[in-house]
Amino acid sequence: MYSREVIEEVLSKTDIVDLVSSYVKLKRSGSSYMGLCPFHNEKSPSFSVSGQKQLYHCFGCGKGGNAITFVMEYENYTFLEAVEMLATKAGVALPEQKYSYEDRKDKDIKTKLLEINKIAATYYYHCLKSEQGISGLNYLSGKRGLDDKTITNYGLGFAPISSGGLYKLLKEKGYTDDILKESGLFTYDAKVHEKFWNRVIFPIMDVNNKVIGFGGRVMGDAKPKYLNSPETKLFDKSRNLYGLNVARSSRKGNMIICEGYMDVISLHQAGFTQAVASLGTALTPGHARLLKRYTDTVLITYDSDEAGTKAALRAIPLLAEVGLNTKVINMKPYKDPDEFIKAFGADAFQERIDKATNSFMFEVSIVEKRYNRSDPAEETAFEKEVANMFLRFSEKLERDNYIKAVCNSFVIPLEGMQMMVANLGNKMGIVNGAKYNASEPSTSAPKKKAESGVRQAEKLLLTWLINDVSIIDKISNVIKPEDFIDPLLNSVATKLYDQIKMGNPNPALIVGDYTDESDAAIVASLFSSDLDENLSKQERERALNDIVRKVKKNSLDTEFNTVTDAIRMQEIIKEQQKLNEINIRL
């Protein structure tokens, strides 16, 4: 691992506010910054970033740490990868690293997999341009209308029917079967078989333009029609989107989410470079959070058939949960963006973007199709279902705006709908405009467990110390690090006391010492909390003395229960009797 001095230099030259704000929108709130937590779904900001302490902490889900732990959590990086990324951004020259065996092994595997994927992508591209790839090239350029520039830019290729060429090439380059198994490009049974054959190949790239996997579209009627790489150390379907390496730099102000590779490439060729697609799987919460990094508005352009409509309805709540403004593009009379653009052109598609339907209005339109509104009973049932849909809006003003818009568009009496929503709301928890609190989804912040008063006191004392280091001179004759009985808090106290004595308290560095995620979150929460500035000096002194006495009493009681020396037992009794005499002045 890198030395403590190197880690400290990387942290000291990284402004955590600048770092986090490149991923999360932050607004100043007092001495800190607040935003929506990127690690759990929330609508009210509870994610705090302190420039002074160089820490982040979510008061909702509890996650917290320094710049390194943020990058590790957000980018799914290892500790070393996060340090190296931040060092590069900060211009810190890192010494040659001596990796542990496991770190070196993991890094070597990832490096070799990237090499293998690059060789495979080049191999498939050359096959496409050879006689073996005529059917694939005809499909891409003839049937799909892709030009040579697009085919080259996206590294499209072809896996020939006569498989074995890629395996032979990689073996000649010295790659062993052990690493080739990890690549996902081959299956091993009695013989080695190439996973992709007789397929047009779409290299899947991460945001840094490195090939991390492949997708293949079969030539002919064989099944499955589309085949993707299995999950590997490089490729995680739920954390990647096809085309994001291009779309993240599109500067279009929105992202278009499509169903497949060809939709993305066709849109990009037509100038809509903000298009992306999930990789052979339904949209996930991870995809939604990934999109939120780069935009506030997502346009859904799934196929206009029944399957596409269902996929859109599943995606809408996931996108809404992370705070994305979501709209749905109407592509009728055509099925997908590729067909639409071929028929009407890019200008017509831009018009459809400009007129995209608000996602909630789209959902209501789908619900409406299930009812015969000329029948009074079905009309009432439709209105009741829509009224229930309004309860998802926690803010009264937002809810009222949607009620007005829906009633206007779907010809529903406004006053009657308002009364129906109010009645339902009173039953479900909306009273006098208060926030609606339905059962929380599984992705919401977990409830915190109650903890003992002594542990709370120890935590409060550490929070006090980091907010006002001057009090250590006033309490150090009473409270020593060993008086913190909780093992984690004892460890933190020892580090903090040492730092304060050295005249350089650095909470971000202390947090970095804890590799366990839950421990790091607890330590970050200690250092991210602020003291109540509304207390008078007398109230602050009373609170501090109460905390000090509680911590000291617990320390003495714990020692008394374990000590066997009679003399020391008498000393402890005398100290216990003097606890009320503790009187610290601020």
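In the predicted model, strand β14, helix α13 (residues 306-321) and strand β15 together form a right-handed β-α-β unit. The two strands of this unit, β14 (residues 297-300) and β15, run parallel and are joined by 4 bridges. Within this pairing, the bridge partner of valine 298 in β15 is threonine 326.

Strand β15, which covers residues 325-328, shows an alternation of its side chains between two faces. Thr326 and Val328 point to one face and are buried, whereas Asn325 and Lys327 point to the other and are not buried. Such a pattern accords with the general rule that in a regular strand the side chains alternate between the two faces of the sheet. Besides its pairing with β14, strand β15 pairs with β16 (residues 357-358) in the antiparallel sense, over 2 bridges, and valine 328 stands opposite threonine 357 of β16. Threonine 326 and valine 328, the buried side chains of β15, thus recur in the pairings, threonine 326 as the bridge partner of valine 298 and valine 328 as the residue opposite threonine 357.

These strands belong to an open sheet of 5 strands, arranged in the order β13-β12-β14-β15-β16 and with mixed pairing. Strands β13 and β16 form the edges of this sheet, each of them pairing on one side only. On the other side of β14 from β15 in this order lies β12, and β12 pairs with β14 in the parallel sense over 3 bridges; here isoleucine 257 stands opposite isoleucine 300 of β14. Strand β12 (residues 255-258) likewise pairs with β13 in the parallel sense, again over 3 bridges. In that pairing, the bridge partner of isoleucine 256 in β13 is alanine 275, while cysteine 258 stands opposite alanine 277.

In contrast to the pattern described for β15, in which Asn325 and Lys327 are not buried, strand β12 is covered on both faces, with Met255 and Ile257 buried on one side and Ile256 and Cys258 buried on the other. A right-handed β-α-β unit is also found in this part of the sheet, where it is made by β12, α11 and β13.

The loop between α11 (261-269) and β13 (275-277) contains glutamine 274. This glutamine counts as buried because its relative accessibility is 3%, below the limit of 20% that applies to buried residues. When its neighbours within four places in sequence are left aside, glutamine 274 is in contact with Ala247, Ser250, Lys252, Asn254, Met255, Ile256 and His268. Among these partners, Met255 and Ile256 are buried residues of β12, one on each side of that strand.

Several loops carry backbone features that deserve separate mention. The peptide bond between lysine 223 and proline 224 is cis, with omega at about 0°, and proline 224 is placed in the loop between β10 (211-218) and β11 (226-228). A cis peptide bond also leads from lysine 332 to proline 333, with omega near 15°; proline 333 lies in the loop that connects β15 to α14 (337-344).

Positive phi values occur in residues other than glycine as well. For glutamine 54, in the loop between β3 (47-50) and β4 (55-58), phi is near 55°, and the residue is buried, its relative accessible area being 18%. Asparagine 198 has a positive phi of about 55° although it is not a glycine, and its place is in the loop between β8 (192-194) and β9 (199-205). At 14% relative accessibility, asparagine 198 likewise counts as buried.

With regard to the protein as a whole, 26 helices and 16 strands are present, and the C-alpha trace spans about 95 × 75 × 45 Å along its principal axes. Of the 586 residues, 46% are buried. Among contacts between residues at least 6 apart in sequence, 63% join residues that are at least 24 apart. The exposed area amounts to about 29600 Å², of which carbon and sulfur atoms supply 50%. The protein has 78 positive and 78 negative side chains, and the centres of these two sets lie 2 Å apart.

Terms used: Residues are numbered from 1 along each chain as its sequence is written. This is a predicted model: local features need pLDDT of at least 70, side-chain atom pairs count only at pLDDT 80 or more; totals for chains, interfaces and linings use all residues. Side-chain values use heavy atoms; hydrogens and water are left out. Buried means under 20% relative accessible area, exposed over 50%, partly exposed in between (1.4 Å probe, protein chains only). Contact means heavy atoms within 4.5 Å. Accessible areas come from the Shrake-Rupley method with a 1.4 Å probe; for residues, only the protein chains shown count as cover. Lys and Arg count as positive and Asp and Glu as negative; His and the chain ends are not counted. The place of a charge is taken as NZ of Lys, CZ of Arg, CG of Asp or CD of Glu. Two strands pair if DSSP finds at least two bridges between them. A crossover is right-handed if, with the strands pointing away from the viewer, the path from the first strand over the helix to the second runs clockwise.
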